[in-house]
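Let's take a walk through this protein together. Have the sequence and the coordinates open, and we'll go from the whole fold down to individual residues.

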Amino acid sequence: MDKIYELANLIKESNKLVFLTGAGISVASGVSDFKTIYSSKFHSFAPEDIMTKGFLEENPDVFFEFVKTYFSKKVEPNIIHKVIADLENVYGKEVHIITQNIDGLHQKAGSKHVYEIHGNLDKWHCTCCKDKKMLEEVLQSNSLRCDKDGCEGFIRPEIVLYNEDFDRRTLLTSNFQLQTADTLIVIGTRLETMFAYEAVRNFKGKFVFMKRTPVGMELPREADLEIYDKAEEVFESLDKIYLNEEME
């Protein structure tokens, strides 16, 4: 419990917070854990091969089935998303979120400043006519072929697939927020991507690292606070013990 109070004090003393979040924070909402997804093949294909532009173009039916199997379930924000949103909307903190997740749960919880470096799976478009669709529409159509008259394109998600470049504007904005923040809180990611690793390594303020279990590797820089526990339980305690009492 001492670490919860230490985290609470860091938040209270911060003028600008940046949260860097990964897949681990959405598991409590029912989003498939990437470790589980990537530990087995899907119709004899490796998931990291499926999630590429080339595979999507050559095997749209398998790609579509993969998305339906792992990402079509309706999910809601959990206590982690809600507390982060409350810091901004209830307690008046300046909060910015850089997320590696594609589920849109931070926005659904009410967070206003969210930078999705891998995109958002809810948004799709035709590669030919550029017609926009939402995931629910795509699932209802049960096909990745464009339904516009005369169009021979296919529908793809507005996410960064393997071997694709990140959106430059999103990266620039994210880096600016990191440069101007005094506290960085990393939750639910092993920091395996180059962007996440460099973001932490170059950060000059207070750094908090939070994950369910130790990552088994040296962090990019020394953390001011490390918490290895279920993030949803940490944030539930933070909400009850600190946010609802100390910040009123």
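What follows starts with the overall picture and then stops at a handful of residues.

One thing to keep in mind from the outset: this is a predicted model. The chain folds into 11 helices and 9 strands. Its radius of gyration is 19 Å, close to the 18 Å that the globule rule gives for 248 residues, so the protein is as compact as a globular protein of that length. If you lay the C-alpha trace along its principal axes, it spans about 60 × 35 × 30 Å.

Now for the inside and the outside. Of the 248 residues, 49% are buried. The accessible surface adds up to about 12900 Å², with 46% of that belonging to carbon and sulfur atoms. As for charge, you'll find 31 positive and 42 negative side chains, and the centres of the two sets lie 2 Å apart. Sequence-distant pieces also meet a lot here: among contacts with a separation of 6 or more, 61% are between residues 24 or more positions apart.

Let's begin the close-ups with the loop between β1 (16-21) and α2 (34-37), where S26 is found. Is S26 buried or exposed? With a relative accessible area of 1%, under the 20% cut-off, S26 counts as buried. Skip the neighbours within four places in sequence, and S26 is in contact with V31, N78, H81, N101, D103 and L105.

A23 is found in the loop between β1 and α2 too. Its relative accessible area is 23%, so A23 comes out as partly exposed. Again leaving out neighbours within four places, A23 is in contact with F34, N101 and G188. The G188 partner is worth a click: A23 and G188 are 165 residues apart along the chain, yet their C-alpha atoms are separated by 5.9 Å. Notice also that N101 turns up as a contact of S26 and as a contact of A23.

Next, head for helix α5 (residues 60-71), which holds F66. This phenylalanine, F66, has a relative accessible area of 1%, so it is buried. Which residues does F66 touch beyond its neighbours within four places in sequence? They are I37, F42, P47, I50, M51 and F71.

Some of those partners bring us to the aromatic rings. The protein has 7 aromatic pairs by the ring-centre rule. One of them joins F66 and F71, in an edge-to-face arrangement with 6.1 Å from centre to centre and 65° between the planes. Both F66 and F71 are buried. Widen the view a little and you'll see F42, F66, Y70 and F71 forming one aromatic cluster. To get a feel for scale, jump from F66 to N202: the two are 136 residues apart along the chain, and their C-alpha atoms are separated by 36 Å.

Over to helix α9 (168-179), where Q177 sits. Its relative accessible area is 7%, so Q177 counts as buried. Outside its neighbours within four places in sequence, Q177 is in contact with K16, V18, H96 and Y115. Pick out H96 from that list: Q177 and H96 are 81 residues apart along the chain, while their C-alpha atoms are separated by 7.2 Å.

Helix α10 (residues 194-202) is where you'll find A199. At 8% relative accessibility, A199 is buried. L178 and L184 are its contacts once neighbours within four places are left aside. For a distance across the model, try A199 and I159, which are 40 residues apart along the chain and have C-alpha atoms separated by 20 Å.

Last stop: a bit of backbone geometry. Most residues other than glycine have a negative phi. K130, not a glycine, has a positive phi near 70°. You'll find K130 in the loop between β4 (119-126) and β5 (132-134). N163 is not a glycine either, and its phi is positive at about 70°. This asparagine, N163, lies in the loop between β6 (155-159) and α9. Is N163 buried or exposed? Its relative accessible area is 78%, so N163 is exposed.

Notes
Residues numbered from 1 in each chain as written. Predicted model: local features only at pLDDT ≥ 70, side-chain atom pairs only at ≥ 80, totals over all residues. Heavy atoms only, no water. Helix = DSSP H or I, 4+ residues; strand = E, 2+ residues; numbered from the N terminus. Rg over C-alpha atoms; globule rule 2.2 N^0.38 Å. Buried < 20%, exposed > 50% of the residue type's maximum accessible area, 1.4 Å probe, protein only. Contact = heavy atoms within 4.5 Å. Areas by Shrake-Rupley, 256 points an atom, 1.4 Å probe, with all protein chains shown as cover. Lys, Arg positive; Asp, Glu negative; His and termini not counted. Charge placed at Lys NZ, Arg CZ, Asp CG, Glu CD. Phe/Tyr/Trp six-rings, centres within 6.5 Å; stacked < 30°, edge-to-face > 60°.
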